[in-house]
Every structure is written in structure tokens, then in C-alpha cells.
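Please open the structure in your viewer and keep the sequence panel beside it, since this tour moves from the whole chain to selected places within it.

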Amino acid sequence: MASSTAYYKSADRDFTLLKGDCVELLDSFDFEFDMIFADPPYHLSNGGISIHSGRMVSVNKGEWDKSKGFEEDYRFDKKWLQACRKHLRKDGTIWVSGTYHNIFSVARCLSELDFKILNCITWVKTNPPPNLSCRYFTYSAEYILWARKEQRTAHFYNYGLMKEINGGTQMRDVWTLPAIAPWEKSCGKHPTQKPLCVLSRIIQASTKPNAWILDPFAGSSTTGIASTLLGRRFLGIEQESAFLEISKARRKELDSYERRKELLEKLEKQAKLFQDSDTRVLKEPDVHIERDLPL
């Protein structure tokens, strides 16, 4: 049985880590969060290869990321989402990230558990790895489902701030933002670490200052670092000690005012750099149509 004793808690108590299985731990205490962000296993560790820093690498992340088949993966998703739902405030929202490997399972579970899906964000990465086979389109996007707990209870959306961040126009559900940058890995590497720019936007869009945020698959705690930088409070749950130590080191970095200032300045720059712009389509040369339907 997992223990709800804190693995780490910051001096000002705004950042807490628990070690163990998220379902077991969430069943061990009562508390409701304003928002949940979950970056669950994508089930894509299938023996394939990718490119990282110019080198060919395996896509395998570990046993925790291997698929057990669609129905078994679906049961896993429903189990942790049920546990999270019990700890979400009536007017709270949940964000869940994924690729085609897991996002359809997550959407099915959210609907079955009576969440109301609000948006499916498409996060388009500005620096995706190339496709080695040259037989597919380059995988350059992830998807983030945003849902509220209750069908008829209003949720918080910081519309004005999102419009301001986006240069005065409504923010769309397609976000063009970079993948993880080297300056975000100062305390070690996590195989699926999310960039601060993505989590910062999510947190600012759907919470108010001092809100409580839960991440049931904390990893290296990008959710928690963004929460601290933006004046929110965080609980992260993670099973791997190595990742918990990275999380702890990243939070301790923020005891430095200069480090906080540096990260906030970088986030501000990214927000301005990747505002929406008009979509443009290249016009191809006119061609003569040689084949036509026999209709």
C-alpha cells in the first residue's frame, strides 16, 4: 500500500511530492484540486527508432510505457481517471496529454465518466525530430484534451489573459510552441519531459492564483515548476525515485530569485514569439487534369 507521507515538501509548502502509484495514493486521502494536468503513459514504446540531438535512438521509455493492448490500456486509463475525478472540485477542470496511441482511449474514458470535453488542443512542435523512414508525415504534434468535471457547472477560463498573450486576438486550439529546450534540463533528463511554455499556458488559462494543482504522473514535475513560478500550489505523484530527485532539484533551483527571474523572462519571450498568425497556403502551379471520373 502506498504511503501518503510526503517524499518532499518545499519550505513554503507550495510544492509537494508523493512517491507511489497514483490510484493507491489518491485513495489514501481526501482533498479536492482546482485543476489536474496528467501526462500519462502514451503506450508508444514499441521498439521503434527516432532522432535525438542528431543521433538515432530507441523510442522505448521503459516498461511503464509499453502497450498491453487497446482494451487493457483503456482499463488503465479509466482507473486513474476515476481516481482523479474524486479529487477534482465541482467546478474544476482536467487536462490530459497524448498522441494517437492513447488519446482516443482517454477521450472514451472522459465521456464514460461524465466529464464534459471542452477542447482538444493540438500542440504543434516547432522543432520535431525527422521521420527516418521517409514514408510518413513527420510526427510533429501532440494533443491535450481539456475537460470539466460537471456537465452543467461553469468552469474558469481566463479568456482575457489568453487573448492578451495572443497579441489581442482570440487564442485558437492549435498552439505552435517549441518542444523541451536545453535550459529546462539543468537538473537532469526525463524521457517525456514537457516544456514549461505548454504547462504555463495551461495553468494560466484555467486557474487563478493560489489554486491547487495535481499531477498524477509528475515525472520531472514541469507542472509543479510552472505552478510555483505562477503563484499556484502543487501536488505531484511519481513512482520513480530518479524522477522525484530531478523534481526536487528543479524546485530547489527556484529558491534562487535570479533563477525564477530567468525562467519567467524566457517564458515571456516564448509567449510573444509564438502568437497565432494568419494561416497561409502555398499555391501550387496549375496542372492539366488527365484523368476524370466516369460519371
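Of the 295 residues in the chain, 44% count as buried, and it should be kept in mind from the start that this is a predicted model. Coloured by secondary structure, the chain shows eight helices and 11 strands. If contacts are counted between residues at least 6 apart in sequence, 71% of them join residues at least 24 apart. With a surface drawn over the chain, the accessible area comes to about 16300 Å², and 51% of that area belongs to carbon and sulfur atoms.

Next, select helix H3, residues 103-112, and ask which of its residues are buried. They are Ile103, Ser105, Val106, Cys109 and Leu110. Looking down the axis of H3, you will find that these buried residues fall within an arc of 155 degrees, so they line one face of the helix. As background to that view, an α-helix has 3.6 residues a turn, so residues three or four places apart point the same way.

Keep H3 displayed and add what covers its buried residues, which includes helix H2 (70-85), strand S6 (88-98), strand S7 (116-125) and strand S8 (141-148). Following the chain onward from H3 brings you to aspartate 114, whose phi is positive, near 70 degrees.

Now select the cysteines, beginning with cysteine 109, which is buried because its relative accessible area is 0%, under the 20% cut-off. Cysteine 187, by contrast, has a relative accessible area of 22%, so this residue is partly exposed. How many disulfides does a search of the whole structure find? The search finds zero; for orientation, a disulfide is a covalent bond between the sulfur atoms of two cysteines.

Move on to helix H8, residues 257-273, and pick out glutamine 270 within that helix. Is glutamine 270 buried or exposed? At 11% relative accessibility, glutamine 270 counts as buried, because the value lies under 20%. Leaving aside residues up to four places away in sequence, glutamine 270 touches Pro178, Trp183 and Cys197, so showing these residues as sticks will display its contacts.

For the last stop, return to the surface and select Tyr100, Phe104, Tyr136 and Tyr139, which form a nonpolar patch with about 540 Å² of accessible area together. One member of this patch, tyrosine 139, is placed in the loop between S7 and S8, and at 52% relative accessibility tyrosine 139 counts as exposed, because the cut-off is over 50%.

Technical notes. Residues numbered from 1 in each chain as written. Predicted model: local features only at pLDDT ≥ 70, side-chain atom pairs only at ≥ 80, totals over all residues. Heavy atoms only, no water. Disulfide = S-S within 2.5 Å. Buried < 20%, exposed > 50% of the residue type's maximum accessible area, 1.4 Å probe, protein only. Helix = DSSP H or I, 4+ residues; strand = E, 2+ residues; numbered from the N terminus. Arc of directions from axis to C-beta. Contact = heavy atoms within 4.5 Å. Areas by Shrake-Rupley, 256 points an atom, 1.4 Å probe, with all protein chains shown as cover. Patch = residues over 30% accessible without salt bridge, like charges linked within 9 Å, V, L, I, M, F, W, Y side chains within 5 Å. Salt bridge = Lys/Arg side-chain N within 4 Å of Asp/Glu carboxyl O.
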